[in-house]
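User: I would like to work through this model with some care, taking its internal organisation and then its chain contacts in turn. Please reason briefly before each answer.

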Amino acid sequence: MPANVSPASPLSASARPQLVLELQADTAYLPVAAAAAENAAQVYGLDRGGALRLALAVEEFFAYLCRHAGREEPIRLTLAHGGTFASADFRFRAGEVSLRALNFAASVDLSSMDADNGDEAELGLLVAGRTTDRCGLTRSGPDVFHLNAEVDREYPEAEPISTPQHLAAPLRLEPQPAAGALRHAALLAAGRYPARLRPSSFSRPERFADMVAWGQYQALLALDAAGRPAGLICWRASGRRAVVFSGPYCFDPALAVETARLLTEGFLSRVARTEALCAFSERPTADLPRGWFENLGSLTLHGAPADAENGEGPEQSEGVDQPAYYRHLREDAGAAIWAHPDLFPFLRREYDRLAFSRDLLPAEPTDHTRLAAHSLLATSLDRLRGLAVLRPLLDGQDFAANLRAHVEAIQAQGVGDILLHLDLSEPWQGAQAPALAACGFAPRLVLPHAGASDILVCQHVPGHS
Amino acid sequence: MCPAIAELVPDYIRAFEAYTPSRPDPVLMRQYGVDHLHRLNNNENALGPPADARAVIEAFEPPRSAIYPSGDCYALRLALSERFGKDPERFLVGNGSCEVIASVIKAFCEKGDNIITADKTFAVYEWVAEFSGFEARLIPLSNWGFDPEAMLAAMDARTKILFVCNPNNPTGTWWDKGTMERFLRGVAGRAIVVIDEAYCEYVDDEAFPNGMELMERHPNVVVFRTFSKMYALAGLRVGYVCGQRDVVDYIRRTHIVYSVNSLGQPAAAAALADDAGHILATRRMVAEAKELLLPAFDALGLKYVSGAGNFVMVETPASDSLIYRQLMRRGVMVRTMTGFRFPNWIRVSLVQLPAMRDFLAAFGEVLQAVSTGPA
Ligand SMILES: Cc1ncc(COP(=O)(O)O)c(C=O)c1O
């Protein structure tokens with residue numbers, strides 16, 4: 001394809017190498033699952049230590065599922081090459097009785113966690129997933145769940161380039177940057193922007209280039225008149241309907257305004273005719289051009305435990321306000337959302353400020369006597385970023401207690417930033433406001449169209465539990 | 001386990017995003033809490049259909065709805081034949097020109113083939129190619145217009161169709177006779193050239209190339225025209241393709257018969273019969289709207305692109321989707337241009353002055369709101 005031809009919407013990620021096993025929910029197969037995971041992980045480029053970490057998570061997840069998943073159908077284990085990581089995904093059906101066990105905080109007896117008397121059988125999923133870099137639970141059908149684990153490949157760290165760049169206009173876009181150019185640009189960005197404003201892979205540039213090659217990230221490069229890198233923006237899919245971007249990164253402050261504009265415009269043109277409905281900032285830089293995005297508010301993030309110095313736990317460190325920017329890529333047709341009246345003042349203010357037409361429908365908590373005993377929360381945990389995101393999957397009488405148990409269990413893992421996403425298309429979710437408030441969650445952002453309708457992001461206020 | 005539905009779907013369909021048309025006006029009006037809505041989003045002709053077409057529509061008798069229409073638009077093709085002095089077999093009528101876009105692509109492309117068009121133009125050429133599994137090569141506009149050299153440079157042995165939107169929606173640029181002639185010589189009959197003339201009746205310029213003439217010298221040229229724009233019959237969905245007889249014969253093989261309804265066919269034929277006054281009145285309305293809007297954009301310090309056609313594109317100091325929502329709250333519907341790969345631009349249809357004044361008043365308020373509001 002000639003260089004001046006911009007690709008249309010990216011073709012679906014080409015088929016990735018994967019290994020699929022269907023296993024009876026029987027612990028007799030534990031060695032099979034673990035051996036397959038270890039072997040596949042090595043084929044997918046993990047070193048021995050990484051492969052063992054994945055194998056261990058697979059073993060613990062599988063043992064756990066054998067105890068709790070429905071038995072009518074086999075469990076499907078998919079081991080896949082993610083490019084820069086290897087992943088294991090368990091797909092299974094859960095019978096009514098066992099749903100409770102899918103709560104990451106289930107069965108975790110905090111008092112006995114560090115004691116040796118911890119009965120293995122009672123370890124929760126949160127602990128079972130401790131050897132992973134990321135793990136989580138998702139639901140893909142009324143009764144179909146996925147439990148997944150990811151372990152990253154190792155990549156060498158490289159020295160950021162902080163020598164000043166003196167570039168020459170005019171600038172142009174490189175829509176399909178080669179790996180070498182991406183590595184160079186990542187190091188230039190690492191040399192000019194603090195760690196929290198860039199993907200961690202920028203300081204492991206081969207990892208970043210691989211992420212682009214494998215479609216985990218998409219990237220656009222700005223080049224100066226002499227073909228030198230002048231700037232970078234990158235983005236990734238977040239669910240089916242949204243993209244989240246990092247940047248723009250501009251390498252010569254004298255050309256920053258033009259660079260940022262070129263990259264932002266190029267990025268939006270690239271995502272405009274795809275299935276993405278909206279773009280959210282993940283790590284916006286101060287170079288983001290004014291007037292191109294709407295400010296949704298901000299989150300206070302504390303980062304990974306390793307970022308907190310002097311032995312301070314993440315919950316004590318001060319935290320950085322990270323603004324969230326948004327852009328709708330379509331024309332909004334208005335919508336109705338469900339929320340507890342306690343949330344109305346916050347929602348009205350935000351919707352009015354953002355000029356979104358929404359009918360706010362009042363949702364009250366369901367009468368306890370009509371609820372199942374146990375609720376279910378999905379947890380996704382990014383240990384490297386020190387971030388946990390909770391999503392309510394099923395309502396239950398124990399919702400408030402379950403939520404509190406999750407917060408405690410996640411904090412006990414050293415993860416300080418805890419967000420909770422409420423999908424406001426579901427009355428029962430919108431109705432949870434009192435339980436959330438009691439547990440220390442405060443509404444922070446509305447993400448329009450980020451779920452089945454809008455998502456309300458609540459953040460756990462550190463120090464409160 | 002039986003396969004998930006998604007596993008039955010080809011990759012290029014799974015990756016493709018269905019177009020979401022806007023909701024019906026009453027729904028939007030309720031959502032946005034307004035009691036009127038100026039439709040400035042679809043380049044419709046606000047004057048309504050020409051008098052003769054209007055008469056045909058009014059005279060339509062409900063019992064005729066029970067009877068199939070002419071399957072190949074027999075009378076309408078005769079009317080087109082008379083109008084353009086060509087054999088009626090050289091016209092193929094579709095349910096809007098959108099339908100004939102699909103027919104042409106189906107007729108000429110097979111697995112591995114590609115089509116070439118611009119990145120910032122009417123989206124349907126690109127969409128139909130992609131959801132049919134063909135590569136769409138999108139050439140960046142140059143100076144707001146289609147770039148003939150770059151399109152030629154992108155051709156290869158698998159290029160089957162080049163789509164040229166003349167004048168272009170949404171920039172209103174067009175190739176003059178010389179540019180078009182050079183381009184067609186460059187293509188040298190190696191691929192089909194579709195000239196989409198959806199807005200040609202809005203151009204009043206000697207230098208504008210008439211595709212109906214070009215196809216006589218260049219047998220690989222086919223022309224699309226529509227009754228949706230100048231003729232104000234968008235709701236009845238009538239458009240057509242015209243080309244050399246053998247070319248149209250191939251396209252007809254892939255085309256659904258009976259796709260054009262019993263009311264649309266005679267209304268379109270009647271619209272052609274006496275259109276001179278209607279065209280003049282429409283052009284006057286468009287010119288007056290421009291005389292009002294363009295100086296107002298200048299005064300606001302806004303960049304705009306205004307060429308041929310009943311629309312103008314203006315750059316906004318905030319996200320076009322935010323401007324859209326703010327304008328909707330004031331009863332004005334425009335088109336956001338992010339989907340045309342012009343982020344932070346809106347396109348406004350040019351209609352009668354009262355609606356244009358309402359638009360300007362609302363637009364002024366919105367600009368004020370977004371400049372004083374948070375970043
Ligand atoms: C350039 C162009 N071609 C074709 C069409 C489709 O018109 P029709 O209503 O005939 O399908 C449009 C409508 O917006 C258009 O702008």
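What follows is a set of questions and answers on this predicted model.

User: Into which domains is chain A assigned, and where do their bounds lie?

Analyst: Chain A has ten helices and 19 strands, and of its 465 residues 58% count as buried. The domain assignment gives domain 1 (1-154), domain 2 (172-327) and domain 3 (332-465) for chain A.

User: Which salt bridge can be named between domain 1 and domain 2 of chain A, and at what N to O distance?

Analyst: In chain A, 14 residues of domain 1 are in contact with eleven residues of domain 2, and the area buried between these domains is about 1,100 Å², with 56% of that from carbon and sulfur atoms. The count between domain 1 and domain 2 of chain A is two salt bridges. The side of domain 1 of chain A that touches domain 2 divides into six nonpolar, five polar and three charged residues. The salt bridge that can be named joins the side chains of D210(A) and R153(A), with an N to O distance of 3.9 Å.

User: Which residue just after α8(B) takes a positive phi?

Analyst: Helix α8 of chain B spans residues 177-187, and its buried residues are T179(B), M180(B), E181(B), F183(B), L184(B) and V187(B). The cover over these buried residues includes α7 (148-154), β5 (159-165), β6 (192-196), α9 (211-217) and β7 (221-226) of chain B. Just after the helix α8(B), a positive phi of about 50° is taken by A188(B).

User: Which three residues supply 20% of the area that chain A buries against chain B?

Analyst: The contact takes 47 residues from chain A and 49 residues from chain B. The area buried between chain A and chain B is about 4,000 Å², of which 44% comes from carbon and sulfur atoms. The three residues that supply 20% of what chain A buries there, more than any other three, are R273(A), E331(A) and A355(A).

User: Which element gives the most to the side of chain A that touches chain B?

Analyst: Across the interface of chain A and chain B there are seven salt bridges, one of them between R30(B) and D359(A) with the closest N and O atoms 2.9 Å apart, and the count of residue pairs in polar contact is 22. The elements of chain A that give two or more residues to this side are α6 (256-272), β11 (294-301), β12 (320-328) and α7 (344-354). With five residues, the element that gives the most is α6(A).

Definitions and conventions: Residues are numbered from 1 along each chain as its sequence is written. Chains are lettered from A and ligands numbered from 1 in the order in which they are written. This is a predicted model: local features need pLDDT of at least 70, side-chain atom pairs count only at pLDDT 80 or more; totals for chains, interfaces and linings use all residues. Side-chain values use heavy atoms; hydrogens and water are left out. Domain bounds come from an automatic or database domain assignment. Contact means heavy atoms within 4.5 Å. Buried area is the accessible area (1.4 Å probe) that two parts lose on being put together, summed over both. A salt bridge is a side-chain nitrogen of Lys or Arg within 4 Å of a carboxyl oxygen of Asp or Glu. Ala, Val, Leu, Ile, Met, Phe, Trp, Tyr, Cys and Pro count as nonpolar, Asp, Glu, Lys and Arg as charged, and the others, Gly among them, as polar. Helices (H or I, at least four residues) and strands (E, at least two) are DSSP runs, numbered from the N terminus. Buried means under 20% relative accessible area, exposed over 50%, partly exposed in between (1.4 Å probe, protein chains only). A polar contact is a pair of N or O atoms within 3.5 Å; within protein, one must be able to donate a hydrogen and the other to accept it, and residues adjacent in sequence count only if both atoms are side-chain atoms.
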